[in-house]
Amino acid sequence: MVVVGLGYVGLPLTVAFDDAGLDVAGFDVDDRRIGTLESGTDPTGDLGDEAIAESGVQFTTDVSALRGTDYVIVAVPTPVDDLENPNLAYVESAGKAIGEQILPRTTVILESTVYPGATREILAPQIEEHSGLTCGDDFYVGYSPERMVPGDDEHGLRDVVKIVSGQNEEVLEDVASLYETIIDAGVHRAPEIEVAEAAKCIENIQRDLNIALVNELAIACNNLGLDTHDVLDAAGTKWNFHDYQPGLVGGHCIPVDPFFMIYEAERNGFTPKLIETGREVNEYMPEHVAELTLRGLNDCGKVLRDSTVLVLGMAYKPGVGDIRSSVVGSTIEKLQSYGVDVVGYDPYAEDDAMREEFGIDVQAKLSFQDVDGVLLATPHESFLEIDYTEAAHRMTDDPLVVDVMGELNGRLAEHEEVTYERV
């Protein structure tokens with residue numbers, strides 16, 4: 001078996017199949033990543049260095065590793081372009097590389113998020129074009145979307161039911177049997193590849209819409225002078241109320257996957273307006289957080305151009321250091337446009353990477369000295385353990401704390417020395 005793409009999705013797959021006793025190679029075009037893996041270091045931080053060092057996986061940039069293998073699993077990025085249309089260039093590139101090496105009887109399984117129909121329309125034709133083989137006769141395709149949650153020990157690769165699909169019943173059963181060797185939670189056999197592709201999109205669309213609902217509620221409540229979390233707490237006493245909290249929606253899935261469904265739906269004559277509106281609300285949220293912070297600074301008597309705001313948490317979610325899809329950058333830009341000096345701190349992310357990504361000063365060691373406001377953007381667990389009363393003594397007079405996700409549970413709401421706001 002060969003896994004193509006050794007990021008947060010592909011790397012756990014290679015190690016899991018190796019642990020299951022398969023002969024596994026991990027292929028990636030990134031020389032530096034392969035060098036890191038060969039040295040026994042986990043570049044994602046999810047598996048740990050020991051798991052990499054002890055694995056029998058052959059990590060390589062040599063495309064010839066694809067020749068003669070029974071299975072190829074493709075786990076490459078599938079972003080959207082500037083027009084928010086799916087960019088499947090990495091899938092096409094993987095298909096070309098596979099096609100140039102593939103031998104008959106190989107099964108190719110795509111794990112990347114795509115629009116319904118892309119496995120048959122994009123990946124399979126690329127392999128056919130560059131191999132001279134025919135899909136369904138000489139090689140086979142399947143689709144099994146990744147569903148694990150990076151940084152979440154309870155929802156790793158083995159712990160989440162795996163959706164599997166194949167171009168016919170025989171391929172489906174073969175793919176199901178393959179994944180059953182590594183998935184403790186079991187597999188779900190989708191009747192068609194397109195069903196599995198659509199299921200992956202709708203999982204994150206559902207979350208996007210639910211978060212958009214409470215984000216829109218938060219904006220409305222802020223304008224009405226109501227505490228959003230008090231409203232949600234009260235509504236949550238009903239047995240069938242769903243628990244969602246307002247916040248910034250970043251990452252590689254929730255902000256991206258809706259556009260795959262929008263794209264394919266519009267190609268087939270239907271515009272999913274609710275999905276589009278949900279995206280619009282969540283894309284506006286970073287600006288709303290900035291406006292809430294600016295108003296808070298004004299209420300504290302601060303001069304904006306002389307104010308310093310410390311942003312706690314630059315990663316897109318708690319417990320991880322991935323800043324590539326963090327939306328806090330839009331909040332920072334809005335603050336800077338009013339002359340506010342922004343400083344960042346995140347114990348999980350690399351300081352140099354944060355400086356380059358967000359264009360701000362970054363603290364190597366957390367300090368509240370002379371800070372006018374704190375913006376708790378990503379609530380890493382260590383941030384929830386901070387004594388904000390003590391921190392306020394190091395900040396300037398009449399300091400501000402903005403708690404984006406409300407994770408401080410309002411414990412600063414009655415603090416006499418701090419103005420506390422939560423979205």
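This report walks through a sheet, a helix that lies across it, and the nonpolar cores of a predicted model.

## Ground rules

The model is predicted, so local features need pLDDT of at least 70, side-chain atom pairs count only at pLDDT 80 or more, and totals for chains, interfaces and linings use all residues. Residues are numbered from 1 along each chain as its sequence is written, and side-chain values use heavy atoms, leaving out hydrogens and water.

## The sheet

Start with an open sheet of eight strands, in the order β3-β2-β1-β4-β5-β6-β7-β8, with mixed pairing. Strands here are DSSP runs of E, at least two residues, and helices are runs of H or I, at least four, numbered from the N terminus. Two strands pair if DSSP finds at least two bridges between them.

At the edges sit β3 (58-60) and β8 (187-189), each pairing on one side only. Strand β2 (residues 25-27) runs parallel to β3, joined by three bridges; F27 has T60 in β3 as its bridge partner.

## A helix across the strands

Helix α4 (residues 89-101) lies across β1 (2-4), β4 (71-74) and β5 (107-110), at about 160 degrees to β4. Such angles run from 0 to 180 degrees between N-to-C directions, with axes fitted to C-alpha atoms, for helices over the stretch in contact.

## The cores

The largest nonpolar core (buried Ala, Val, Leu, Ile, Met, Phe, Trp, Tyr and Cys residues joined through side-chain atoms within 4.5 Å) has 39 residues. Buried means under 20% relative accessible area, with a 1.4 Å probe and protein chains only. V4, V74, L88, I98 and V108 have the most contacts inside this core. Helix α5 (residues 118-131) gives the most to it, with five residues.

Leaving aside neighbours within four places in sequence, I98 is in contact (heavy atoms within 4.5 Å) with L66, V72, V74, V108 and I127. A second, separate core of 31 residues includes L248, L304, L375 and V402.

Definitions and conventions. Buried < 20%, exposed > 50% of the residue type's maximum accessible area, 1.4 Å probe, protein only.
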